[in-house]
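Q: I am in my first year of studying proteins, and I would like to take a careful look at a single part of this one. Please guide me through that part slowly, and then show me how the rest of the chain fits around it.

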Amino acid sequence: MVNTAAERGREVRRRLTGAAVELIAEKGWTGVHTRVVAERAGVAPGLVHYHFASLQALLTEAAVGVLREAVAGMGPLFDAATTPDDLLDAILGTLERYASDDPASLLVSEAYLAATRDPELKRAVAEVVDDFRRDLTDWLRARGEATPRETAMVLAAAVDGVVLHQALSGDLTAATARPVLRRMFRSAHPPEEGQP
């Protein structure tokens, strides 16, 4: 079966973004160059600029794609959790698969740092973070949280902080963060009488 030009174009874009994801984690945001991405993707360098307005646009699409996948992966956690403790455990459980040298963690660190210098990347990353916060806010509100928006903001920042710190060292793991965050959450929201 012969692929159409559109299918071939989608495949080249997929290969380029996949190569960019790998290279951002390996070389850092500023260490990725057009020729290296093309070589990793197995395509001619000119195809980078044929498919993307710039190298920065490619890196942004690649990084934001990974972030969006991570947020989309939280949907089933929201559906399965019945209490804030359940949700906290589930979210932190997803972080347990990341190590200090995990490519996804390194990519997140690189993207957050690059976003401080690139307004377009900052806007795109902020949209992903806002989507996660909004879903978390809605979940907390539906369970009677008194300050769902603020709680969602702080919890999202704590989760991001664990990922960022894991990229620095292996000292702060999800297992280390879990009891501390649970204590903090419980002190702000003591269980009702009769509940553990």
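Is Phe132 buried or exposed, and what is its relative accessible area?

A: Before turning to that residue, please keep in mind that what you see is a predicted model. Phe132 has a relative accessible area of 8%, and because buried means under 20%, Phe132 counts as buried.

The surroundings of Phe132 begin with its ring, and here the structure holds one aromatic pair. The pair is formed by Phe78 and Phe132, whose ring centres are 6.2 Å apart and whose planes meet at 45 degrees, so the pair is described as tilted. That word follows because planes under 30 degrees apart count as stacked and those over 60 as edge-to-face, with the rest being tilted. Phe78 sits in helix H5, which covers residues 75-80, while Phe132 sits in helix H8, which covers residues 119-142, so the pair ties together parts that are 54 residues apart in sequence. Phe78 is also buried, with a relative accessibility of 9%.

From the ring we can move outward to helix H8 itself. Lys122 lies in this helix too, but at 53% relative accessibility Lys122 counts as exposed, so helix H8 carries both the exposed Lys122 and the buried Phe132. If you follow the chain from Lys122 to Ala19, you pass along 103 residues, and the C-alpha atoms of these two residues are separated by 21 Å. Another C-alpha pair, Gly65 and Ala124, is 59 residues apart along the chain and separated by 10.0 Å. Gly65 belongs to helix H4, residues 55-72, and with 27% relative accessibility Gly65 is partly exposed.

Next come the helices that pack against H8. Two packed helices are described by the angle between their axes and the distance between the axes. Helix H7, residues 103-115, packs with H8 at an angle of about 125 degrees, their axes being 8 Å apart, and H7 and H8 are therefore oblique to each other. The crossing in which H7 passes H8 is left-handed. Helix H9, residues 148-168, has an axis that comes within 8 Å of the axis of H8, and the two cross at roughly 130 degrees. H8 and H9 are therefore oblique to each other as well, although their crossing is right-handed.

Stepping back to the chain as a whole, you will find ten helices and zero strands. The C-alpha trace spans about 65 × 35 × 35 Å along its principal axes, and buried residues make up 39% of the 196 residues in the chain.

The UniProt record, an unreviewed entry, adds names for two stretches of the chain. For "domain: HTH tetR-type" the record lists residues 10-70, a span that is 79% helix and 0% strand in the model, with its end C-alpha atoms 22 Å apart. The feature "DNA-binding region" is placed by UniProt at residues 33-52, where the chain is 70% helix and 0% strand and the end C-alpha atoms are 13 Å apart. One more ring deserves a look here, since Arg13 lies over the face of Phe52, at 4.2 Å from the ring centre.

Notes
Residues are numbered from 1 along each chain as its sequence is written. This is a predicted model: local features need pLDDT of at least 70, side-chain atom pairs count only at pLDDT 80 or more; totals for chains, interfaces and linings use all residues. Side-chain values use heavy atoms; hydrogens and water are left out. Rings of Phe, Tyr and Trp (its six-membered ring) pair if their centres lie within 6.5 Å; planes under 30 degrees apart count as stacked, over 60 as edge-to-face and the rest as tilted. Helices (H or I, at least four residues) and strands (E, at least two) are DSSP runs, numbered from the N terminus. Buried means under 20% relative accessible area, exposed over 50%, partly exposed in between (1.4 Å probe, protein chains only). A charge sits over a ring if NZ of Lys or CZ of Arg is within 6 Å of the ring centre and within 35 degrees of the ring normal. UniProt positions are given in the numbering used here, feature names are shortened, and annotations may be inferred rather than shown by experiment. Axes are lines fitted to C-alpha atoms, for helices over the stretch in contact, and angles run from 0 to 180 degrees between N-to-C directions. Angles under 35 degrees count as roughly parallel, over 145 as roughly antiparallel, 65 to 115 as roughly perpendicular and the rest as oblique. A crossing is left-handed if the near helix is turned anticlockwise from the far one by less than a right angle, and right-handed if clockwise.
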